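User: I'm new to this one and would like a close look at its salt bridges. Could you walk me through them?

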Amino acid sequence: LARMMLADVLGAAAGVSGQRSIAVVTSSDDVAREAARLGTLVIDDGGASNTNDAIKAGLAAVGHRGGQCVVILPSDVPAVLSADISSLLAAAKRGCMAIVPATRDSGTNALAINGPEQLEPCFGVQSFARHVGAANRIGIKPKVILSERLGLDIDQPGDLFQFLDRNTTTATDRYLRSIGVPERRRDAVC
């Protein structure tokens, strides 16, 4: 499932017109191999102990390569489309930061910023409010983008059913149907 979701997110990113490069930040050999197989730059997170430290490592590497406008996407938002990522980039270029809240748990499901060294990542519990606060403290008014596709992240079993209700053409959707997840919902209801 994780491999399918990663492929869907990277596929959406690859379809963004004008993007310079796509990077996956990880210390996992399996994830690095899969990302490289998909033609993506792999950035070692340096043994980061949490998501925010991994993102910092990625932002530093992007900054060293001259990157300016960055979109941070977790791999658990497989419904994302290239158009969603393009909108985030456009908003970030106009207003310095764009943020997509999770629809369910007050988290952050996507973040785009022009000048990534400016902002300290705050992913985790209640991260949406913490990202908005961090942006405000450095004088950035973030643009909040509500997105049904990006708002749904796959964190728990019930999220799989919500995702399948969208009937996407993603590898994740095909995989979940191939292992009988829709039937499990019917069994659980009965």
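Analyst: Here's a walk through a few of the salt bridges, one pair at a time. Keep in mind that this is a predicted model. The structure holds 11 salt bridges, and three pairs will give you a feel for them.

Let's begin with Glu34 and Arg3, whose closest N and O atoms are 4.0 Å apart. Glu34 sits in helix α2 (residues 29–37) and Arg3 in helix α1 (residues 2–14), so this bridge ties together parts that are 31 residues apart in sequence. As for exposure, Glu34 is buried at a relative accessible area of 9%, while Arg3 is partly exposed at 47%.

Next up are Asp155 and Arg104, which meet in a salt bridge at 3.5 Å, N to O. Here both partners are in loops: Asp155 in the one between α6 (148–151) and α7 (157–165), Arg104 in the one between β4 (97–101) and β5 (108–114), so the pair links parts 51 residues apart in sequence. Asp155 is partly exposed, with 42% relative accessibility, and Arg104 is partly exposed too, with 38%.

Now for a pair within one helix. Arg177 bridges to Asp173, with 2.5 Å between the closest N and O atoms. The two are four residues apart in helix α8 (residues 171–178), which means about one helical turn separates them. Arg177 is partly exposed at 34% relative accessibility, whereas Asp173 is buried at 4%.

Finally, back to Arg104 and Asp155: through salt bridges that share partners, they belong to one network with Asp153 and Asp159.

Note on methods. Residues numbered from 1 in each chain as written. Predicted model: local features only at pLDDT ≥ 70, side-chain atom pairs only at ≥ 80, totals over all residues. Heavy atoms only, no water. Salt bridge = Lys/Arg side-chain N within 4 Å of Asp/Glu carboxyl O. Buried < 20%, exposed > 50% of the residue type's maximum accessible area, 1.4 Å probe, protein only.
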